[in-house]
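Hi everyone, thanks for making time for this. I'd like to walk you through one protein model today, so let me put it up on the screen.

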Amino acid sequence: MPDFSKTLRVLLSASTVMGVCALSQTPVHAEDAAPDQAVLDRGAYIATASDCIACHTKPGSQPFAGGLKIATPMGDVISTNITPDPDHGIGKYTEQDFEQAVRHGVRKDGAYLYPVMPYVSYAGMTDQDVHALYVWFMHSVKPVATAPAETTLVFPANMRSAMAAWNFVTTKEEPESGDSSTYDPLRRGKYLTNALEHCGTCHTPRNFMLSEKQDRYLAGASLDGWYAPNITSSKTGGIGNWSEDDIVAYLKTGHANDHAQAAGPMAEAVEHSTSHLTDADLHAIAAYIHQVPAMEDDMEHQARDSFGKAIEALDIRQSAPTRIDDLTEMDGQHAYDANCAACHGQTGMGTKDQYAPSLFHNSTVGSARPDNLIMTILHGVQRKTEAGDVSMPDFSGHSDVQRLSDAEIAKIVNYVMATFGSGDPHVTADQVAQFHKDK
């Protein structure tokens with residue numbers, strides 16, 4: 001992994017990449033003359049900021065070889081191989097072909113991509129950054145000769161030609177111009193947030209056509225069981241009470257004291273993308289997010305991270321040990337004590353270093369929506385950054401630690417939210433069952 005802080009300094013001083021290059025109509029091959037290192041460094045940084053690896057790498061497989069299943073209302077979209085392999089990847093793509101795919105969602109063969117590939121956001125990329133990204137993929141990514149399975153969706157989404165109509169009605173980012181590394185902080189933050197990091201893809205709700213609702217920009221949306229929260233400047237529904245440094249810390253480490261911890265897709269974004277950005281870019285994103293107009297939330301009427309306090313927990317252990325063959329279902333408090341208190345404490349304070357975070361002043365527990373707490377218990381947390389590895393086991397039927405029933409998980413969720421958060425959401429076992437997904 002390149003040193004991206006050094007990379008950006010190279011970019012700012014590299015006159016060799018400052019001009020916009022005309023799109024080449026000839027494929028680039030690894031054996032061709034090596035391009036300028038500054039172009040490769042820039043391409044590596046753009047690939048990281050765009051988080052290409054998250055969707056195009058199946059767990060346990062080669063980087064960018066595709067095969068990851070991405071759930072949509074129309075079925076699973078299977079990501080493609082974007083390594084420079086000529087037969088299974090993009091090795092035969094010219095730069096013009098590449099630009100059409102990245103910014104317009106059209107493959108080399110003329111077929112339309114599905115918008116799980118966030119080309120509506122990448123449409124805002126500068127020519128210069130598209131060029132650097134193309135050169136980096138063609139020269140620095142290892143070709144992988146594997147072909148992922150084909151995507152099969154239900155009608156009418158199975159007809160890729162229907163995407164032409166969708167592309168016509170949806171709103172895309174306007175292409176930026178000039179050298180993106182020289183933008184002033186707010187413009188740079190907007191470019192990173194909207195074009196490269198494509199934050200709206202997850203955090204902006206969608207209409208019946210599955211296009212982003214521009215009048216609800218970053219106001220929060222459901223995502224494959226998780227809920228990507230409101231991140232506008234609202235002090236009740238959003239993150240308007242966070243400081244710029246809080247946002248930077250969260251993007252850099254996945255943790256912001258007394259606010260939130262990244263899990264699920266956001267943990268992946270932190271691990272693979274935002275934790276590798278320069279501090280200047282993280283501050284640019286934070287500054288831009290801070291001035292996004294506030295969007296209020298119909299369900300959130302108090303800041304999610306403002307709920308709760310440490311409790312004086314009574315010792316509820318019995319004098320006789322619990323038999324391993326006792327299958328009596330515990331209530332929420334006993335289930336919490338048996339499975340959660342060892343890390344988060346009976347008082348809910350977590351560990352001193354907050355490796356196991358406090359359950360009060362915690363936006364997951366303080367949310368009016370129990371979605372993310374359910375998903376965290378079902379699927380755990382895995383996050384790796386320079387700040388360290390963070391891991392919480394899952395408690396689903398696949399758990400290697402403790403397998404809990406849907407009823408037990410529902411009781412824990414209700415107890416934790418009632419005790420430390422926004423109040424008992426009255427989650428049922430049937431509701432928990434709806435959050436299951438294949439691991």
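Which residues in the largest nonpolar core touch the most other members? Before I answer, please keep in mind that what you see is a predicted model. The answer is Phe98, Met125 and Phe137, out of 63 residues in that core. If you look for helix H6, residues 127-140, you'll find the largest share of this core there, with 8 residues. There is also a second, separate core of 29 residues, and among its members are Ala335, Tyr336, Ala341 and Met375.

Let's stay with Phe98 for a moment. Leaving out neighbours within four places in sequence, Phe98 is in contact with Ile90, Tyr93, Val130, Leu133, Tyr134 and Phe137.

Now for a part that comes from a record. An unreviewed UniProt entry lists Cys52, Cys55 and His56 under "binding site". In the model, Cys52, Cys55 and His56 are included in the lining of the second largest pocket.

Let's take two of these residues side by side. Cys55 sits in helix H3, which covers residues 52-56, and His56 is found in helix H3 too. Are they buried or exposed, or somewhere in between? His56 has a relative accessibility of 13%, so this residue counts as buried, the cut-off being under 20%. Cys55 comes out at 30%, and therefore counts as partly exposed.

And what do they touch, if we skip residues up to four places away in sequence? For Cys55, the contacts are Leu68, Ile70 and Ser79. For His56, they are Phe64, Ala65, Gly66, Ser79, Thr80 and Ile82. You can spot Ser79 in the contacts of Cys55 and in those of His56.

Next, please scroll along to Asp371, in helix H16, residues 371-379. Asp371 counts as buried because its relative accessibility is 16%. Here is a nice example of folding bringing parts of a chain together: Asp371 and Ser222 are 149 residues apart along the chain, and their C-alpha atoms are separated by 8.9 Å. Asp371 also touches Gly225, Tyr227 and Phe435, again not counting residues up to four places away in sequence.

Last stop: two strands. Strand S7, residues 381-385, pairs with strand S8, residues 388-392, in the antiparallel sense, over 5 bridges. How many residues does the hairpin use to join S7 to S8? The link runs through 2 residues. To see the pairing yourself, find Thr385, which stands opposite Gly388 in S8.

That's my tour, thanks for listening!

Note on methods:
Residues are numbered from 1 along each chain as its sequence is written. This is a predicted model: local features need pLDDT of at least 70, side-chain atom pairs count only at pLDDT 80 or more; totals for chains, interfaces and linings use all residues. Side-chain values use heavy atoms; hydrogens and water are left out. UniProt positions are given in the numbering used here, feature names are shortened, and annotations may be inferred rather than shown by experiment. On a 1 Å grid over the protein atoms alone, a cavity is a set of points where a 1.4 Å probe fits but cannot get out, and a pocket is an open set with protein on both sides within 12 Å along at least five of seven lines; lining residues have an atom within 4 Å of a point. Helices (H or I, at least four residues) and strands (E, at least two) are DSSP runs, numbered from the N terminus. Buried means under 20% relative accessible area, exposed over 50%, partly exposed in between (1.4 Å probe, protein chains only). Contact means heavy atoms within 4.5 Å. Two strands pair if DSSP finds at least two bridges between them. A nonpolar core is a set of buried Ala, Val, Leu, Ile, Met, Phe, Trp, Tyr and Cys residues joined through side-chain atoms within 4.5 Å.
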